[in-house]
Amino acid sequence: MPAKKVHFYTRHGAFGQPRWRPHGRQVDKNTTLFNIRQVASNAGMGNPYQQTRFLLGTPDTRRAPPDRGAEVAFAGRSNAGKSSALNTITGQRSLARISKAPGRTREINFFQVTDDRRLVDLPGYGYAKVSRSTKTDWQKNIARYLETRHSLCGVILLMDVRHPLKDHDRQVLAWCRAAGLPTHVLLTKADKLKRGPASATLHKTQELLTRLHPHATIQLFSSHTRSGTDTVQQVLNEWLDLKDPDNHPT
Ligand SMILES: Nc1nc2c(ncn2[C@@H]2O[C@H](COP(=O)(O)OP(=O)(O)OP(=O)(O)O)[C@@H](O)[C@H]2O)c(=O)[nH]1
Ligand SMILES: [Mg+2]
């Protein structure tokens, strides 16, 4: 094997950590670059979300799939990065539709992880060009969904790291708190800030969050760099009672 490729593996951070093959053996220096790339880009073979499939989309919560099993909802302002996060977490490029135009996801989209476990992409809120009546409908719909959905076992609340805790975010946190729903905040697009400012925002938002929803947890996340993916997957695994099949270290 050419020495240069081994050098690439040992030097660079992303590949410098001990990586594990899907069946649990450590990648050694004799592994070809091709294989290393496969393992590194994968996080995948051991990703319990990789088989996730689109189930149905509906603007009306009454048309939702049967309310049994367990599901986790992704909520956040329009353009916060909900659909991107779903794709990153499931290791799929186009499971949920992403758009540069805000307000893309207008329906509640249900994705099936296993027979009785689902991820749910909620319509984004706070999009200025949406009419007042649409906004009211959204509020009613989402509030009803959060309050009445028995299988809902947690909410991932996404906020652009550059604009955290806007009014609607606080409203959703209040609903989650009132409904006794575990809530985990993703400060998205962390790649847009340098490490220092990102970390400062994390700590400041964490402090404010404690007052709004004492049991909520928070992390930085980027769909572009995939940073924070392991952490949010662990939260989901716990809520949905899912095991990582390969139990690879994260
Ligand atoms: N730099 C950066 N851009 C991101 C990231 N995640 C999403 N984006 C971009 O942000 C825009 C909106 O992303 P979406 O995932 O569609 O956001 P959404 O929350 O689903 O939006 P709605 O469906 O309108 O509610 C797209 O242009 C994405 O490429 C990220 O981690 N980093
Ligand atoms: Mg979307």
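This report walks through a predicted model of one protein, from its overall make-up to a few local details.

Residues are numbered from 1 along each chain as its sequence is written, with chains lettered from A and ligands numbered from 1 in the order in which they are written. Because the model is predicted, local features need pLDDT of at least 70 and side-chain atom pairs count only at pLDDT 80 or more, while totals for chains, interfaces and linings use all residues.

**The whole protein**

Start with confidence: pLDDT is the predictor's own confidence in each residue, on a scale from 0 to 100. The protein averages 80, and 75% of the residues score at least 70. Residues 1-44 sit below 50, and beyond near neighbours in sequence this stretch has 38 contacts in the model. (A contact is two residues with C-beta atoms, placed from the backbone, within 7 Å.)

The secondary structure adds up to eight helices and seven strands. Helices (H or I, at least four residues) and strands (E, at least two) are DSSP runs, numbered from the N terminus. Take the contacts between residues at least 6 apart in sequence: 72% of them join residues at least 24 apart. Of the 250 residues, 32% are buried. Buried here means 20 or more other C-beta atoms within 10 Å of a residue's own; exposed means 12 or fewer, and partly exposed is in between, with C-beta atoms placed from the backbone.

**The sheet**

The seven strands form an open, mixed sheet in the order β1-β3-β4-β2-β5-β6-β7. β1 (53-58) and β7 are the edge strands, each pairing on one side only. Two strands count as paired if DSSP finds at least two bridges between them. Direction ignored, neighbouring strands are turned by 20° against each other on average.

β6 is a good strand to look at closely. Six of its six residues are buried. T183, V185 and L187 point one way, while H184, L186 and T188 point the other way. On one side, β6 pairs in the parallel sense with β5 over six bridges; four bridges join β6 to β7, also parallel. Here are some of the bridge partners:

| Residue | Partner |
|---|---|
| V155 | T183 in β6 |
| H184 | T217 in β7 |
| D160 | T188 in β6 |

How does the chain get from strand to strand, and what is the handedness? β5, helix α6 (residues 167-178) and β6 make a right-handed β-α-β unit. The chain then crosses from β6 through helix α7 (residues 195-212) to β7, and this crossover is right-handed too. Right-handed means that, with the strands pointing away from the viewer, the path from the first strand over the helix to the second runs clockwise.

**The enclosed helix and the core**

Which helix is largely enclosed by the rest of the structure? That is α4 (residues 82-90), because seven of its nine residues are buried. The buried ones are K82, S83, A85, L86, T88, I89 and T90. They pack against β2 (70-76), β3 (108-114), β4 (117-121), β5, β6 and α8 (229-240). Just after α4, G91 takes a positive phi of about 65°.

L86 turns up again in the largest nonpolar core, which has 45 residues; along with V72, A73, F74, L157, L158 and L187, L86 touches the most other members. β5 gives the most to this core, with six residues. A nonpolar core is a set of buried Ala, Val, Leu, Ile, Met, Phe, Trp, Tyr and Cys residues joined through C-beta atoms within 7 Å. As for L157, leaving aside neighbours within four places in sequence, its contacts are A75, G76, D169, V172, L173, T183 and V185.

**Two loop residues with positive phi**

L165 has a positive phi of about 55° although it is not a glycine. L165 is in the loop between β5 and α6, and counts as partly exposed because it has 16 C-beta neighbours inside 10 Å. K189, another residue other than glycine, has a positive phi near 60°. K189 lies in the loop between β6 and α7. Is K189 buried or exposed? K189 is buried, with 24 other C-beta atoms within 10 Å.

Terms used:
Axes fitted to C-alpha atoms, helices over the stretch in contact; angles between N-to-C directions.
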